[in-house]
Structures are given as structure tokens and as C-alpha cells.
Amino acid sequence: MSLLEVNNLSFRYDNNDLLLDANVRLFLGDHAVLVGPNGTGKTTLMNLLNRNLSPDKGSITWLPNIKVGYLDQYAKIDKNITVGDYLLTVFKPLFDKEAEMEKLYQDVGILEGIEMERALNNAAAIGDMLIEKDFYAIKSKLGNIIHGLGLEMSILDSPIKHLSGGMRAKIILGKLLLDESDILLLDEPTNFLDIKHIEWLTKFLQGYPKAFLVVSHDEAFLKAIADTVIAVENKGLTRYKGNFDYYLSEREIRFQMTEKAFVAQQKYIQKQETFIQKNIVRASTTKQAQSVRTKLEKIEKIGKPVKQKELKFHFPFAKDTGRDVLVIENLEIGYTKALLKPINYIVRKNEKVIITGKNGVGKSTLVKTVLGLTKPISGQFKWIDTANISYFEQDFAFNQERTASELCFEELKDMDHKKVYTLLARFGISREMSDRTLSSLSGGQKTKVRLALMSQRKSNVIILDEPTNHLDQVAKEALRKAILEFPGVAIVVSHDKSFHDDLGAAELELKG
């Protein structure tokens with residue numbers, strides 16, 4: 001049975017057609033993933049499905065009474081309440097029923113006859129309903145989710161405003177998983193999860209008895225959870241009924257078939273147009289030429305299949321450093337108290353270092369501390385005098401009303417318009433995307449703009465804090481090669497194991 005039907009869906013944003021007459025169906029129990037390059041409209045489709053946006057044309061029809069759970073890739077949440085208050089709102093109706101039942105039992109002591117019997121019956125009915133809803137296993141269920149996401153039960157009393165971005169994302173995800181929706185819409189759920197907890201989420205979704213649709217650029221994750229792939233292709237939606245490996249194989253076969261059909265149709269059209277040109281002015285053949293033209297106008301044109309272009313990123317090198325580039329001695333990091341035991345570490349000339357560790361352990365705090373953005377609690381660090389550092393920050397605020405090209409013109413004052421557009425194109429940002437407001441770009445496109453800016457700063461030390469969040473596979477590969485080719489020091493914070501395993505870097509694992 002269809003859980004969801006999308007019919008002739010079109011959506012235009014900022015004079016750009018993201019979806020055009022798209023059609024797709026999801027069925028009860030589908031474990032589906034939504035794939036496509038950065039900027040093709042995946043997050044837009046998720047917002048349309050969640051009714052945060054309305055289509056310009058077409059329809060989105062859910063099975064009646066379906067409960068939809070949605071995780072936004074930007075992990076927005078009210079920061080002014082505690083974690084417990086946020087999570088337990090899932091069960092508020094049941095807590096209200098429990099309170100009603102307890103009130104009925106209290107009233108029994110002052111009621112008599114039929115009223116007492118009615119109160120007892122109502123209380124018993126509520127008790128049966130709570131048992132049926134598994135209400136008394138809530139604490140156990142909550143503990144399973146909390147521990148599975150790498151958190152402690154004590155976090156329930158913590159104000160959300162004191163949590164890291166990654167931990168806030170976990171709390172939102174935890175609430176959705178507790179809510180047991182009929183379908184989960186998860187947009188980049190692994191962006192803020194470390195390796196251990198991606199594995200836990202993978203197992204959870206593999207065993208999820210209902211449906212989900214997940215957006216992710218983590219291919220290992222997609223391969224582990226998908227039995228159906230929905231691909232955004234040529235502004236439409238294509239359903240591949242099979243796992244991710246099947247999708248990769250079938251996509252290539254379909255591409256080759258479409259390419260052959262396109263070439264054949266173009267040859268046919270050219271031949272017919274040549275015939276029309278030769279015969280339209282001749283009295284004896286005008287009608288025949290007009291007939292051919294009419295038939296040609298009715299042909300449904302095959303769009304030219306386009307593969308995603310390979311990208312080439314580059315970080316320019318300033319000058320050589322000495323041997324010991326960064327020396328960390330007994331460094332304690334944190335804000336009010338130390339997050340970790342004292343850190344001792346040396347980063348040497350031309351070394352590639354990956355900083356790993358669970359969410360909230362202090363990876364970004366360590367980076368900000370050695371950059372002088374956060375004061376250490378104790379201990380010291382020292383950069384070599386010749387260090388020239390370029391930094392990619394995990395959380396970066398844009399003026400969303402500027403365009404990508406305007407941002408670059410402002411930051412890169414020596415570049416003319418042509419050079420700016422050429423630079424952005426090298427990072428996968430087309431001329432049309434360059435002139436759109438940053439608010440209209442996807443997370444991956446914004447990351448590419450920031451990497452393009454970073455590529456214009458000469459340095460001998462690059463520091464990247466979770467640079468692969470939101471990036472598609474082609475961009476990840478380009479970034480990986482750029483880091484490998486960079487002659488200086490590269491320090492990378494990353495939870496993306498497939499990405500940093502290929503760097504062959506030294507690992508600095510932070511443990512609480």
C-alpha cells in the first residue's frame with residue numbers, strides 16, 4: 001500500500017527550477033534513502049514532504065492519519081528548556097492520562113455507589129491503555145535511546161543551551177526515535193554523530209519496523225540502511241527498488257541507455273530537419289515537409305544525460321616551517337572546568353593529523369584553544385614562528401541575504417568578476433548559483449563557497465573542523481585529494497571514517 005504519492009511535483013526557488021513534474025511513491029515499510037549532488041533539491045523535497053513548503057504545482061498525498069517525524073539537517077531546537085522537558089513532551093499525553101488515573105483513584109475514597117464504580121472502571125480502562133501503550137517501559141526505552149546516542153541519563157537535567165551542536169542534534173534525533181513515527185524523514189542524521197553512534201543508528205534503522213526516508217552523503221551508511229533509493233535526477237525523482245549497490249549499477253546502465261537514445265534521437269531530428277529545409281519551399285514537397293515538421297514538433301525530446309563533473313580543490317602553500325609546528329604541553333581545555341585530562345602532543349612539519357572522539361568531548365574546543373579563540377584552563381601550547389594558519393570553522397554565520405559572488409567580491413578584493421565566477425565554478429558553484437542569495441543554497445553549496453574562499457589564502461597550516469558535513473561524494477573526494485596534496489600541516493576534525501581513513505593521517509583521539 002502506498003504510504004506517500006508525489007504527483008507532477010514542481011517547485012521553483014529564486015528563479016531556479018529544483019523539481020519539475022516529479023513523481024514518486026513510497027510504500028509502508030520502505031527503508032529508503034534520497035540521493036543526489038549538492039543543490040539538487042533534496043532538503044527542499046524533505047521540507048515539501050513535511051509541509052514546511054508548498055509546491056508550485058502537483059500534489060503530495062500521505063496515507064490518512066500517518067504520523068511523520070522530521071529531522072532538519074541544521075538541528076534547530078528551543079535552547080531555553082532542559083533535555084528532559086524536550087524529550088518527554090513525546091509522552092505528555094500519556095503522562096496526562098496517568099495523572100487523570102491517579103486523580104480517579106484518589107476520588108474513589110470519597111465517592112459511593114455508581115459514581116465510585118464508574119471512577120474505578122474509568123481508572124482501570126486508563127491503566128489498561130497505558131499498559132497497551134507500553135507507558136511503564138518509558139524509562140527503559142528512554143535509557144536505550146540516550147545511551148545508544150552516546151549520552152548519559154544525567155543529561156536530562158541539562159539546559160539545551162549548554163550543549164554542543166552535535167549533542168543538540170542527538171537530542172532531536174532521540175526525540176524522533178522515541179516518538180515511533182510511521183515514517184521518519186531524516187536530513188543528514190549522521191552529520192553530528194561520531195563513528196560509534198553512527199553504527200548504533202545504523203542498527204536502529206535496520207531494525208526499524210516502519211518506513212523512513214534518509215538524506216545522507218555517507219555512502220557506507222547508505223549502503224547499510226537502504227532497500228530503496230530515490231534519486232533526484234534531471235529535476236525529477238527516480239525510484240530504484242534495491243539497495244545502494246544496485247542503485248549505483250542500475251544508474252550507470254540507465255545513463256548509458258539514455259545517452260544512446262539521446263544520440264539516436266538527435267541524429268533522427270537532424271535528418272528530419274535537413275529534409276524539411278530542402279523540401280519546405282518546393283511546391284511538390286511542401287505538404288510532405290509540413291507533415292514531417294508536425295510530427296517532429298510532437299516528439300517528446302530526450303534530455304541530454306549529464307554526469308556530475310569531477311571537482312579539483314586546491315590549498316595554496318606559503319612556505320616551509322621548521323620541524324615542530326605545534327607543541328602542546330599539559331593543556332587542559334574547557335570553559336568552566338576541564339573537559340579532558342591534560343593533553344600532550346606535537347604536530348610536526350608536513351604532518352596530517354585527524355582529531356577524533358565522541359560528540360561533546362572537546363574536539364572543536366581544542367582547535368579553538370590552540371587558535372587562541374578560547375582560553376585554556378591550564379597548560380600551554382606554542383606554534384612555530386613561521387606558522388601561517390588557514391582555518392575552516394565548523395559553525396560559520398553568513399549574511400544570508402548576500403549572494404555567493406558578493407561574498408567573494410567582498411573577501412577577495414583583488415579579484416574581478418570573471419575570476420570570482422571562475423573560482424566558484426571550480427568548486428562546483430555555477431554562475432546561476434553564484435548569483436543566488438546564500439539563504440537559497442544548500443548546506444553543501446555553502447561549504448563549497450567557504451572552501452573556495454579558503455583556497456585563495458596561502459598558508460602552511462590548514463585546520464578544518466568537520467569540513468565534510470553536507471558535502472556530496474564528488475566534493476569529498478576533491479577535498480581529500482587537496483588535503484593529501486597540501487605540502488604543509490593539515491589538522492582535520494572529522495567523524496567521517498571513510499573520509500579520514502583514506503588520508504593515512506596520524507590520529508589524535510580525545511577521550512573524556
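This is a conversation between a biologist and a modeller about one predicted protein model.

Biologist: What does the protein hold in helices and strands?

Modeller: The protein has 17 helices and 17 strands. Its C-alpha atoms fill a box of roughly 105 × 80 × 40 Å along the principal axes. Of its 512 residues, 47% count as buried.

Biologist: Among contacts between residues at least 6 apart in sequence, how many join residues at least 24 apart?

Modeller: The share is 71%.

Biologist: Which residues touch the most other members of the largest nonpolar core?

Modeller: They are Leu87, Ile171 and Leu205, in a core of 55 residues. Helix α6, residues 165-179, gives the largest share of this core, seven residues. Apart from this core lies another, of 36 residues. Leu438, Ala452, Ala490 and Phe499 are among its members.

Biologist: What does Leu205 touch, leaving out residues up to four places away in sequence?

Modeller: Leu205 touches His31, Leu184, Leu186, Phe212, Val214, Phe221 and Ile225.

Biologist: How do helix α12 and helix α13 pack?

Modeller: Helix α12 covers residues 404-411, and helix α13 covers residues 417-426. They pack at an angle of about 120 degrees, with their axes 10 Å apart. The crossing is right-handed. From α12, the contact uses Ala404, Ser405, Cys408 and Phe409. From α13, it uses His417, Val420, Tyr421 and Leu424.

Biologist: What makes up that contact: nonpolar, polar or charged residues?

Modeller: Six are nonpolar, two are polar and none is charged. Ser405 and His417 belong to the contact. Neither is on the nonpolar or the charged list, so both count as polar.

Biologist: Why is Val420 called buried?

Modeller: Buried means under 20% relative accessible area. Val420 has 0%, so it is buried. Val420 is found in helix α13. Leaving out residues up to four places away in sequence, it touches Ser405, Cys408, Phe409 and Met415.

Biologist: Where is Leu407 relative to Val420?

Modeller: The two residues are 13 apart along the chain, and their C-alpha atoms are separated by 9.9 Å.

Biologist: How many aromatic pairs does the structure hold?

Modeller: The structure holds nine. One of them joins Phe244 and Tyr247.

Biologist: Why is the pair of Phe244 and Tyr247 called tilted?

Modeller: The centres are 5.3 Å apart, and the planes are at 50 degrees. Ring centres within 6.5 Å make a pair. Planes under 30 degrees apart count as stacked and planes over 60 as edge-to-face, so an angle between those cut-offs is tilted. Phe244 and Tyr247 both lie in helix α9, residues 244-279. They are three residues apart, about one turn of the helix.

Biologist: Are Phe244 and Tyr247 buried or exposed?

Modeller: Phe244 has 4% relative accessibility, so it counts as buried. Tyr247 has 5%, so it counts as buried too.

Biologist: What makes the pair of Phe317 and Phe486 edge-to-face?

Modeller: The ring centres are 5.9 Å apart, and the planes are at 75 degrees. Edge-to-face needs over 60 degrees, so the name fits. This pair links distant parts of the chain, with its residues 169 apart. Phe317 lies in the loop between α10 and β10, and Phe486 in the loop between α16 and β16.

Biologist: How do you know that Phe317 is partly exposed?

Modeller: Its relative accessible area is 24%. Partly exposed lies between the 20% and 50% cut-offs, so Phe317 belongs there. Phe486, with 2%, is buried.

Biologist: Which residues do ring pairs link into a cluster?

Modeller: Phe95, Phe135 and Tyr136 form that cluster.

Biologist: What is noted about the phi of Asp134?

Modeller: Its phi is near 60 degrees, a positive value in a residue other than glycine. Most residues other than glycine have a negative phi. Asp134 lies in the loop between α4 and α5. Its relative accessibility is 40%, so it counts as partly exposed.

Biologist: Where is Asn330 placed?

Modeller: Asn330 is in strand β10. Its phi is positive, near 50 degrees. At 45% relative accessibility, Asn330 counts as partly exposed. Exposed would need over 50%.

Technical notes. Residues are numbered from 1 along each chain as its sequence is written. This is a predicted model: local features need pLDDT of at least 70, side-chain atom pairs count only at pLDDT 80 or more; totals for chains, interfaces and linings use all residues. Side-chain values use heavy atoms; hydrogens and water are left out. A nonpolar core is a set of buried Ala, Val, Leu, Ile, Met, Phe, Trp, Tyr and Cys residues joined through side-chain atoms within 4.5 Å. Buried means under 20% relative accessible area, exposed over 50%, partly exposed in between (1.4 Å probe, protein chains only). Helices (H or I, at least four residues) and strands (E, at least two) are DSSP runs, numbered from the N terminus. Contact means heavy atoms within 4.5 Å. Axes are lines fitted to C-alpha atoms, for helices over the stretch in contact, and angles run from 0 to 180 degrees between N-to-C directions. A crossing is left-handed if the near helix is turned anticlockwise from the far one by less than a right angle, and right-handed if clockwise. Rings of Phe, Tyr and Trp (its six-membered ring) pair if their centres lie within 6.5 Å; planes under 30 degrees apart count as stacked, over 60 as edge-to-face and the rest as tilted.
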